[in-house]
Amino acid sequence: MCRQVFGFRLAMIALATPTALVNANDGLPTRLVGAAVVVTFMTSYVLFRDWERFGPLLLRHPSLLAADTLFGSLLLIAAGPDSTLAYVSVCTPLLAGLVYGWRGAAVFASLQALLLLLIHAAQEDPAPGITESALLPGLCVIAGAVGSSLRNLMLRFGAATQALTTVQARLAVTEAVSAERARLAREMHDSVAKTLHGVALAADGLTTSANADRMDPALVRHQAALVARSARRAAAESRELLADLRRESDPSHATDVLVELAARTRDFSARTGLTAVYRPTGAHAVPPVPPAVARQLLTIASEAMENAHRHAHPTRVDVSAGVHGDLLRISVHDDGRGLPPGTSLEQLRRAGHFGLVGMVERAASVGARIRIGRGGHPQGTEVRLELPLAALTTPTA
């Protein structure tokens, strides 16, 4: 705002300079008026152009504004109080109010009003009435009050903005911490916790087989191998989770989602004994997927298979993936008993069932859309994940 005041001063000085030079007497008065023009114009120009640099200097030394006011009065004497230069005098108390507050506004408004009254009194043909003579001094007083009020308003606005920025920063930190805690909860639930649950079930089966009246050595060996394989998988998932926490995934190493999804489907079938079949779909090849996105997609598919095996009691799980139009579509369908009618995410969250809730959160984190329900099948549950291919491309600078 101070820069705008000096811009207005520049325009008014440029318009009034010819009149001031013409009305000045020859000799020394002309030189004084010319010097006053140069000083006031250059001062206004410098402060208009580099206010951030020279503004603090004006703030520390009010005498500079007083000297500028005196130089401006020389121009006003030569040009006359009826010229456009008279409006420059109103800018001085306005600027003082903005820079120095109400005390500075009062001092410079009084100084400028006194100079204007003296100039009016020194005219050869003074104004016919006191109203005309007091008009500009009154405007100076009003301008000083306006400048002081604007200063207080801007200071309050700045304090409010700073407080709002502080609150926003705190909210951002809180949100980041909450998001990280939610992510860790999803990772633990969908990887290590689920695998350890499988280890416990396999160990229970091994105990039952070992305590049977007629122990089957082949069955015991199979269950023991299953326990060992599940334990190694839990350890590998723990290392992967810790490594992911310590470093960010390298986006230059893309993942073939179809190959990885097929491998996870085979592993799921071998581990659970449930028939799980994977088939690629779509007419186009799937582009490479960034590791961070691929991790979320594959975790959602694995979680869907695990949920089907644990809760739906199906006889078959069908997994498919491929490009359909501009979407990467992944589908996991089981022929089990399906979700209870009226099931909602809020009900699952309150009941402590975070599997479906975690899948929805993971899909949202990568910009994918997820549908959980019967879909177009007569029975069972389908988890369908659709990710726009545009989300897989990284913009280049």
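**Helices, cores and a surface patch**

In helix H11, the buried residues are Gly-355, Leu-356, Val-357, Gly-358, Met-359, Arg-362 and Ala-363. Just after H11, Gly-367 adopts a positive phi of about 80°. The model described here is a predicted one.

H11, which covers residues 355-365, is one of the elements that give two or more residues to the largest nonpolar core. That core has 33 residues, and those with the most contacts inside it are Val-289, Leu-297, Val-317, Ile-330 and Leu-385. Besides H11, the elements giving two or more residues to it are helix H8 (257-272), helix H9, strand E2 (316-324), strand E3 (327-334) and strand E5 (381-388). H9 supplies the largest share, nine residues. In soluble globular proteins, nonpolar side chains tend to be buried together.

A second core, separate from this one, has nine residues, including Leu-65, Ala-96, Val-99 and Tyr-100.

H9 runs over residues 291-312. Of its 22 residues, 18 are buried, so the helix is largely enclosed by the rest of the structure. Its length can be checked against its residue count: at 1.5 Å a residue, H9 should span 32 Å, and its end C-alpha atoms lie 30 Å apart, which agrees. Just after H9 comes His-313, with a positive phi of about 50°.

Val-289 is among the residues with the most contacts inside the largest core. Apart from neighbours within four places in sequence, Val-289 is in contact with Ala-254, Thr-255, Val-257, Ala-294, Leu-297, Leu-328 and Leu-392. One of these partners, Leu-297, is likewise listed among the residues with the most contacts inside the core.

Nonpolar residues also occur on the surface. Val-38, Phe-41, Met-42, Tyr-45 and Phe-48 form a nonpolar patch there, with about 430 Å² of accessible area together. Val-38 belongs to helix H2, which covers residues 28-49. Its relative accessibility is 51%, and exposed means over 50%, so Val-38 counts as exposed.

Another helix, H6, covers residues 130-210 and contains Asn-152. Asn-152 has a relative accessibility of 38%, so this residue counts as partly exposed. Asn-152 and Gly-101 are 51 residues apart in sequence, while their C-alpha atoms are 7.8 Å apart in space.

Terms used: Residues numbered from 1 in each chain as written. Predicted model: local features only at pLDDT ≥ 70, side-chain atom pairs only at ≥ 80, totals over all residues. Heavy atoms only, no water. Helix = DSSP H or I, 4+ residues; strand = E, 2+ residues; numbered from the N terminus. Expected span 1.5 Å × (residues − 1). Buried < 20%, exposed > 50% of the residue type's maximum accessible area, 1.4 Å probe, protein only. Patch = residues over 30% accessible without salt bridge, like charges linked within 9 Å, V, L, I, M, F, W, Y side chains within 5 Å. Areas by Shrake-Rupley, 256 points an atom, 1.4 Å probe, with all protein chains shown as cover. Salt bridge = Lys/Arg side-chain N within 4 Å of Asp/Glu carboxyl O. Core = buried A, V, L, I, M, F, W, Y, C linked by side-chain atoms within 4.5 Å. Contact = heavy atoms within 4.5 Å.
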